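Here is a short report on one protein model. Keep the structure open beside the text and find each part as it comes up.

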Amino acid sequence: MTRQITAFSNPLIKDVRALRDKRHRREQGRFLAEGLRILTEALDAGHVPELLFFADQSASHPLVRRLVSAVEQAGGEAIETSDDILSKLSGKDNPGAVIGVYAELPTALDRIDRHAAPIWLVAERLRDPGNLGTILRTADAVGAGGVILIGECTDPFSVEAVRASMGALFTVALARSDWSGFLDWLRAGEGQLVGLHLDGAVDYQLPDYRPPTFLLTGNEAQGMLPEMAEACDVLVKIPMLGRADSLNAAVATAVMAYEVLNQRRVRLDAAGRQA
């Protein structure tokens with residue numbers, strides 16, 4: 001049975017609203033996701049929220065009913081509330097029809113199977129949650145195994161990053177590591193490390209990318225640290241024909257990811273014609 005909460009002073013509302021703060025997310029090991037599309041993507045990927053808040057006027061929507069049923073079957077709680085309270089929880093004036101509270105997803109590097117996919121995206125000291133969300137969406141779009149975050153990156157479980165990922169946070173693997181730990185792990189097996197770099201690099205369409213390919217993108221403002229560039233198997237650059245000297249980090253990552261994907265498609269097509 002669902003219950004109703006209509007008071008802003010309700011302790012549960014205060015507790016869930018606190019998850020917009022990184023410290024409280026870490027303390028509780030939980031995070032917020034907002035919007036019917038994102039929660040449905042999560043459910044399709046096997047992730048059921050512990051708590052589900054939905055607007056009273058959306059209770060009859062078939063996807064909301066599906067979410068409510070899944071939450072209750074999993075032992076969670078579905079709560080009917082108002083748009084005002086949903087707005088308070090999400091921090092938006094026009095919140096989505098549903099908000100879910102999820103247990104934080106595992107991010108240990110040693111759970112990653114490098115052979116699960118031919119492409120992996122690696123982001124180093126990424127600061128902008130919008131960029132991280134976009135990189136997660138790119139990983140999903142190109143069939144990448146997942147995203148590996150290096151160093152002090154923005155929190156992937158922030159409301160902003162989850163929102164920008166449009167559900168991809170739930171559909172691709174996510175790992176976090178420091179640089180030395182990642183490099184030790186990478187060199188313990190197969191893997192081509194490709195760095196996006198402005199200086200001393202070759203055109204991004206020239207190298208032969210071989211799986212598993214790990215695409216490394218540096219910090220938005222400072223780029224890649226020298227020791228990371230030195231560790232790469234190949235450094236590539238995307239030509240800039242206008243006045244801008246670089247692309248947005250998420251855009252550059254997407255361009256590179258599709259180049260790797262296209263090379264793989266060409267090889268597979270060629271192999272198919274020869275068979």
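Two strands count as paired if DSSP finds at least two bridges between them. The model shown here is predicted.

## Strand β3 and its partners

Start with strand β3, residues 51-55. How many of its residues are buried? The count is 5 of 5, so the strand is mostly covered, since buried means under 20% relative accessible area. Its side chains point two ways. Leu-51, Phe-53 and Ala-55 point one way from β3. Leu-52 and Phe-54 point the other way. Residues on both sides are buried.

Strands of a sheet pair through backbone hydrogen bonds, either parallel or antiparallel. β3 does both. With β5 the pairing is antiparallel, over 4 bridges. Here Leu-51 stands opposite Val-101 in β5. With strand β4, residues 77-81, the pairing is parallel, over 5 bridges. Here Phe-54 stands opposite Glu-80 in β4. Helix α4, residues 62-73, belongs to this part too. Together, β3, α4 and β4 make a right-handed β-α-β unit.

## An open sheet of 7 strands

Now look for another sheet. In what order do its 7 strands lie? The order is β8-β7-β6-β11-β9-β12-β10. The sheet is open, and the pairing is parallel. β8 and β10 stand at the edges. Each has a single partner strand, so one side of each is left without a neighbour in the sheet.

One pairing in this sheet joins β6 and β11. These strands run parallel, with 5 bridges between them. Val-122 stands opposite Leu-216 in β11.

## Helix α8 and its buried face

Helix α8 covers residues 179-187. Which of its residues are buried? They are Trp-179, Phe-182, Trp-185 and Leu-186. Seen down the helix axis, the buried residues fall within an arc of 135 degrees, so they line one face of α8. Several elements help to cover these residues. Among them are the strands β6, β7, β8, β9 and β11. Helix α9, residues 226-231, is also part of the cover.

Two residues of this helix deserve a closer look. Trp-179 has a relative accessible area of 15%, which is under the 20% limit, so it is buried. Phe-182 is buried as well, with a value of 0%. An α-helix has 3.6 residues a turn, so residues three or four places apart point the same way. Trp-179 and Phe-182 are 3 residues apart in α8, or about one helical turn.

## Aromatic rings

A pair of aromatic rings is described by the distance of the centres and the angle of the planes. The model has 9 aromatic pairs. One of them joins Tyr-102 and Phe-170. Their centres are 4.9 Å apart, and their planes make an angle of 50 degrees. This pair is tilted. What does the pair tie together? Tyr-102 lies in strand β5, while Phe-170 lies in the loop between α7 and β8, so the pair links parts that are 68 residues apart in sequence. Both Tyr-102 and Phe-170 are buried.

Trp-179 and Phe-182 form another tilted pair. Here the figures are 5.8 Å centre to centre and 40 degrees between the planes. These two residues also belong to an aromatic cluster, together with Trp-120, Trp-185 and Phe-214. A charged side chain joins the scene at Trp-185: Arg-114 lies over the face of this ring, at 4.2 Å from the ring centre.

## Unusual backbone spots

Most residues other than glycine have a negative phi, and most peptide bonds are trans. Where does the model depart from this? The peptide bond from Pro-211 to Pro-212 is cis, with omega near -10 degrees. Pro-212 lies in the loop between β10 and β11.

Arg-125 is not a glycine, but it has a positive phi of about 50 degrees. It lies in the loop between β6 and α6. Met-166 also has a positive phi of about 50 degrees, and it is not a glycine either. Met-166 is found in the loop between α7 and β8. Are these residues buried or partly exposed? Arg-125 is buried, with a relative accessible area of 13%. Met-166 is partly exposed, at 26%.

Methods:
Residues are numbered from 1 along each chain as its sequence is written. This is a predicted model: local features need pLDDT of at least 70, side-chain atom pairs count only at pLDDT 80 or more; totals for chains, interfaces and linings use all residues. Side-chain values use heavy atoms; hydrogens and water are left out. Rings of Phe, Tyr and Trp (its six-membered ring) pair if their centres lie within 6.5 Å; planes under 30 degrees apart count as stacked, over 60 as edge-to-face and the rest as tilted. Helices (H or I, at least four residues) and strands (E, at least two) are DSSP runs, numbered from the N terminus. Buried means under 20% relative accessible area, exposed over 50%, partly exposed in between (1.4 Å probe, protein chains only). A charge sits over a ring if NZ of Lys or CZ of Arg is within 6 Å of the ring centre and within 35 degrees of the ring normal. A crossover is right-handed if, with the strands pointing away from the viewer, the path from the first strand over the helix to the second runs clockwise. The arc is that of the directions from the helix axis to the C-beta atoms. Contact means heavy atoms within 4.5 Å.
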